[in-house]
Amino acid sequence: MDLPDDQNSNDPQWYIGLEDEHAAHNYGPLPVVLAEGHNAQVTDVAGKTYIDALAGYSALNFGHGNERLVEAARAQLGTMTLTSRAFHSDRLGPFVRDLAALIGKDMVLPMNTGAEAVETALKIARKWGADVKGVENGKQHIIVMDGNFHGRTSTIISFSTDEEARGGFGPYAPGFEIVEYGNAQAIRDAITPDTVAVMLEPIQGEGGVVIPPEGYLAEVREITRENNVLMIADEIQSGLGRTGTTLACQYEGVEADVYTLGKALGGGIVPVSAVVANADIMNVITKGTHGSTFGGNPLAAAVGHEVVKMLATGEHQKAAQERGKQLAEGLESLMGKGLVAVRTRGLWAGLDIDPELMTGREACEKLMEAGVLAKDTHGSTIRLAPPLTSSEEDIDAIIGAVRTALGA
């Protein structure tokens, strides 16, 4: 059958209508239809320009259309995009070597999405528990945190405390115990001889940029080391420069056993994720025990490798510190003027708005009217995560839009 020609429409409702009719309703986006993006600026189909203060949940840490990343992708598109892992590619080895060096580990298992990286890390932990620690297979016990967000696959939602993501999707996978985030003693109390891993986000992004008490990560590291338990840090949102350090764990000088990475690793161009660990852990994965047709494909490796090279200079981490300080100072000046709490780490902010004033969704709609795109989370909380390449003027504009949205 012949398909109708796409309309070259500047009416956002035309595009929104198509999505509502033909795309599953698993998101509730703001009523804006974006057509173009350059660095921190995006333009909708009607020609209005906004500052992207979400940056694809940190996937666009280096901005829209970053020239280095686009050129790396363009060059690879002209040579080879996929081999499958049935064969070697000339792009994979250099990528995993340099990513491992950046993170300070030996080995990398490349995947595609963040949820895949988390699923892979869970498999590694369970296999390590059985093969190395000696836990009876089927009894491996993993401790996770309340308020966590690690993805929405069937296994992951089994230990989610978000009923919207979890409700109606049972039966749920066993083997997980949820404890209070930020409470190291709760982890200590939950550990059993069968515990193989503690998995946490150094900062809970989906929860509203929730930063644990100072010293928490270091104490978790001590507890896991004392009990021969793996510490898995999900750095998919917090990692790769967002917090002003390459990894959020580094803020406390903590080194986890296993890291999951994603989002920014693909530069907003292709989905790239990875699990990074030392050989004594990673080597429990052997031929046939795990795989992915697209994981580590040449296009992904080429883009990911360029991301690693960019982070290796430290300039983006420094930019996150400088612009993050500017953002924090501007937002903190609005405390008591509609904001009841501000949490920042690097160029990442969670804002709690007075619930009597408006909901988070209403705040994001007002920000959109003021030319800034952001995302609400639970209740009256919104998150800001503009690209690390944002200018001083971009950050000032974000602060000004928040002030306008609050009526301050």
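A polar contact is a pair of N or O atoms within 3.5 Å; within protein, one atom must be able to donate a hydrogen and the other to accept it, and residues adjacent in sequence count only if both atoms are side-chain atoms. The model toured here is predicted, with local features requiring pLDDT of at least 70 and side-chain atom pairs pLDDT 80 or more, while totals for chains, interfaces and linings use all residues. Residues are numbered from 1 along each chain as its sequence is written, and side-chain values use heavy atoms, leaving out hydrogens and water.

**First stop: Ser 292**

Select Ser 292, in the loop between helix 9 (279-282) and helix 10; helices (H or I, at least four residues) and strands (E, at least two) are DSSP runs numbered from the N terminus. Add Asn 112 to the selection: a polar contact of 2.9 Å joins the two side chains. Beyond its neighbours within four places in sequence, Ser 292 is in contact (heavy atoms within 4.5 Å) with Arg 85, Met 111, Asn 112 and Glu 116. Ser 292 counts as buried because its relative accessibility is 19%, the limit being under 20% relative accessible area with a 1.4 Å probe and protein chains only.

**Second stop: helices 3 and 10**

Next, display helix 3 (residues 92-103) with helix 10 (residues 298-312); their axes come within 9 Å and cross at roughly 30°. Such axes are lines fitted to C-alpha atoms over the stretch in contact, and angles run from 0 to 180 degrees between N-to-C directions. Among the residues that meet are Phe 95 and Leu 99 in helix 3, and His 305 and Val 308 in helix 10.

**Third stop: the cores**

Phe 95 and Leu 99 also belong to the largest nonpolar core, which has 50 residues. A nonpolar core is a set of buried Ala, Val, Leu, Ile, Met, Phe, Trp, Tyr and Cys residues joined through side-chain atoms within 4.5 Å. Helix 10 gives the most to this core, with eight residues. Now select Met 145, one of the residues with the most contacts inside the core; Met 145 touches, among others, Ile 178, Ile 187, Leu 200 and Tyr 216. A second, separate core of 34 residues includes Leu 331, Leu 367, Ala 374 and Ile 399.

**Last stop: Val 209**

Finally, select Val 209, in the loop between strand 7 (195-200) and helix 8 (216-226). Val 209 counts as buried, because its relative accessibility is 0%. Which residue lies 141 residues from Val 209 in sequence and 4.9 Å away in space, C-alpha to C-alpha? That residue is Gly 350. Further contacts of Val 209 include Arg 343, Trp 348 and Arg 383.
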